[in-house]
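User: I would like to go through this model step by step, from the overall fold down to single residues. Please reason through each answer before you give it.

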Amino acid sequence: MPLLTRRQFIGTATVAAAAGVVALRPTDQGAPYEPYFASLNQALKAAGIGTPTLVIDRARLHANAEHVQAHVQNRLHLRLVNKSLACMPLLDELSKLTGTQRQMVFNLPYLQLLTQQRPQSDVLMGKPLPVVAAARFYAQPPASGFDASRQLQWLVDTPERLRQYRDLARAQKQSMRVNIEIDVGLHRGGVPDLDMMKTMVQLIAEEPLLHWAGLMGYEAHTEKIPEIGGLREQSRAHSKQAYQRMLDFVQASPLKAARDQLTLNTAGSPSFKLHDGSGAANEVSVGSAMVKPSDFDTPLLTDMQPAAFIATPVLKTGRFVAPDGVEPLSTAAGWWDPNQRASLFIYGGHWLANPVAPAGLSPSGLIGPSSNQQILLGSGKQALHPDDFVFLRPTQSEAVLQQFGDIAVYENGRITEMWPVFPAQA
Ligand SMILES: Cc1ncc(COP(=O)(O)O)c(C=O)c1O
């Protein structure tokens with residue numbers, strides 16, 4: 001006799017399948033604000049803010065800066081990455097906290113702005129600008145006292161560009177400092193081998209108006225390489241060796257200079273911790289990590305804290321109802337996933353950012369993003385009302401910090417300052 005009749009078997013299988021399906025259903029992720037964001041919400045309301053606003057937590061910013069400072073202190077120079085912190089008071093604050101005037105600049109408008117407004121800056125360009133952009137800089141030099149021949153290093157990556165800069169120096173009768181970009185494995189650009197370096201060295205050595213200021217080797221790739229079979233460690237080691245080889249070559253040439261007179265720049269937020277001054281580089285760049293957007297949630301940066309959030313007002317709340325024509329889809333979505341039962345519309349949206357508070361909010365796959373009034377879905381446990389704020393964490397700070405007008409500075413439970421940002425600029 002069979003253990004189960006056919007009917008019993010089908011019944012048992014159906015119950016098991018239903019239990020399996022129920023077990024797969026997402027659980028409710030919603031919750032009201034945790035105390036940190038409840039205070040931030042109150043602070044923004046008390047400050048009379050009613051538009052999407054970038055908020056910086058000053059205590060967290062300070063803690064991050066102190067962390068970076070503790071790492072570089074007495075070992076390495078620190079250069080602030082201007083484009084990732086594109087707000088003058090923010091750069092000023094970090095410059096004061098870390099005691100550096102060094103900045104890495106990536107475009108002509110920000111170069112003009114910085115050298116005009118902060119003539120004490122020491123500037124290294126972070127990308128090789130077309131020579132016409134450099135010519136524009138000399139056509140309208142800052143009237144601030146900034147001395148480009150001492151305080152500015154143009155980045156050059158190929159003999160062709162170096163010749164263009166040399167010709168510009170001759171045409172302007174202008175002495176120029178040049179820093180050579182080297183390819184230490186990222187392959188984004190820079191001098192890839194000693195043959196090309198030899199040509200670069202010759203060109204500089206032959207031209208009295210050009211002065212070799214140092215090297216820049218950026219190794220953003222190493223921390224992206226999976227930790228499989230020692231691949232990441234290998235690529236870290238390779239990039240340091242490539243840097244050393246290039247430096248040794250130039251130091252054995254007529255350009256030879258005292259190490260402390262050179263800017264030997266490397267790293268960025270994800271990798272600055274890999275350097276301690278014992279290698280070829282004597283300087284690291286750090287920008288994004290100071291406010292730690294989510295792309296920087298990486299193993300080497302676990303001690304640093306998110307310090308920048310987008311706060312945007314809730315406009316409407318309610319039950320999630322999909323648009324006419326597909327309304328039953330929202331019923332089905334809500335049945336399946338409790339986190340799709342309630343909807344709210346926020347002021348703006350579609351930023352390079354993800355909702356983080358209150359917990360359990362996410363965009364709707366059904367409706368899609370909107371830059372005007374984005375829908376977010378949740379279970380309703382967030383207990384939000386119109387005019388409350390939703391907090392999103394930017395994935396990056398570059399280009400995002402400048403999107404919201406003045407930055408609101410949050411400290412001790414209040415918005416204490418509003419910091420103007422740089423104009424949006426590629
Ligand atoms: C040359 C160079 N150095 C450093 C950085 C690091 O910037 P951050 O610290 O903001 O990641 C960048 C970022 O693009 C870069 O291009």
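Analyst: We can begin with a helix and its surroundings, keeping in mind that this is a predicted model. The buried residues of H2 pack against E1, strand E10 (308-319), E15, E16 and E17.

User: Which residues of H2 are buried, and on which side of the helix do they lie?

Analyst: Helix H2 covers residues 35-46, and its end C-alpha atoms are 16 Å apart, which agrees with the 16 Å that its 12 residues should span at 1.5 Å a residue. The buried residues are Leu40, Asn41, Ala43 and Leu44. They cover an arc of only 165° around the axis, which puts them on the same side of H2. The face turned away from that buried side carries the exposed residues Pro35 and Ala46, so the answer is Leu40, Asn41, Ala43 and Leu44, on the same side of H2.

User: Which residue with a positive phi follows H2?

Analyst: H2 ends at residue 46, and the chain after the helix includes a residue whose phi is positive, near 70°. That residue is Gly48.

User: Why can the buried residues of H3 be said to line one face of the helix?

Analyst: H3 runs over residues 58-72 and reaches 21 Å from its first C-alpha to its last, close to the 21 Å expected for its 15 residues at 1.5 Å a residue. Its buried residues are Leu61, Asn64, Ala65, Val68 and Val72. Seen down the axis of H3, these buried residues fall within an arc of 95°, so they line one face of the helix. The exposed residues Ala59, Glu66 and Ala70 are carried by the face turned away from the buried side, and the value that settles the question is the arc of 95°.

User: Against which elements do the buried residues of H3 pack?

Analyst: The buried set of H3 includes Leu61 and Val68, and just after the helix Asn74 takes a positive phi of about 60°. The elements that the buried residues pack against are strand E1 (53-57), strand E2 (77-81), helix H4 (88-98) and strand E9 (283-286).

User: How far apart are the C-alpha centres of domain 1 and domain 2?

Analyst: The chain holds 11 helices and 17 strands, and its C-alpha trace spans about 95 × 65 × 40 Å along the principal axes. The domain assignment gives domain 1 as 29-53 + 306-419 and domain 2 as 107-281. The C-alpha centres of these two domains lie apart by 41 Å.

User: How many nonpolar, polar and charged residues are in the shell around the ligand?

Analyst: The residues surrounding the ligand include Val81, Ser84, Met104, Gly126 and Tyr218, and among the others are Gly268, Ser269, Ser285, Val286, Gly287, Ser288 and Ala289. Sorted by class, the shell has five nonpolar, seven polar and no charged residues.

User: Is Gly185 buried or exposed?

Analyst: Gly185 is found in the loop between strand E6 (176-181) and helix H9 (194-206). Leaving aside its neighbours within four places in sequence, Gly185 is in contact with Glu219, His221, Ser235, His238, Ser239 and Ala242. Because 21 C-beta neighbours lie inside 10 Å, and the cut-off is 20 or more, Gly185 counts as buried.

User: Which residue is joined to Ala357 by a cis peptide bond?

Analyst: As general background, most peptide bonds are trans. The bond in question has an omega of about -5°, and the residue joined to Ala357 is found in the loop between strand E12 (353-357) and strand E13 (362-363). That residue is Pro358.

User: Asn412 has a positive phi; is this residue buried or exposed?

Analyst: Most residues other than glycine have a negative phi. Phi of Asn412 is near 50°, and this residue lies in the loop between E16 and strand E17 (414-419). Ala399, in the loop between strand E15 (389-394) and strand E16 (407-411), also has a positive phi, about 70°, and with 15 C-beta neighbours inside 10 Å Ala399 counts as partly exposed. Asn412 has 9 C-beta neighbours inside 10 Å and therefore counts as exposed.

Conventions
Residues are numbered from 1 along each chain as its sequence is written. This is a predicted model: local features need pLDDT of at least 70, side-chain atom pairs count only at pLDDT 80 or more; totals for chains, interfaces and linings use all residues. A residue is near a molecule or strand if its C-beta atom, placed from the backbone, lies within 6 Å of it. Ala, Val, Leu, Ile, Met, Phe, Trp, Tyr, Cys and Pro count as nonpolar, Asp, Glu, Lys and Arg as charged, and the others, Gly among them, as polar. Helices (H or I, at least four residues) and strands (E, at least two) are DSSP runs, numbered from the N terminus. Domain bounds come from an automatic or database domain assignment. A residue is buried if 20 or more other C-beta atoms lie within 10 Å of its own, exposed if 12 or fewer, and partly exposed in between; C-beta atoms are placed from the backbone. The expected span of a helix is 1.5 Å times one less than its number of residues. The arc is that of the directions from the helix axis to the C-beta atoms. Two residues are in contact if their C-beta atoms, placed from the backbone, lie within 7 Å.
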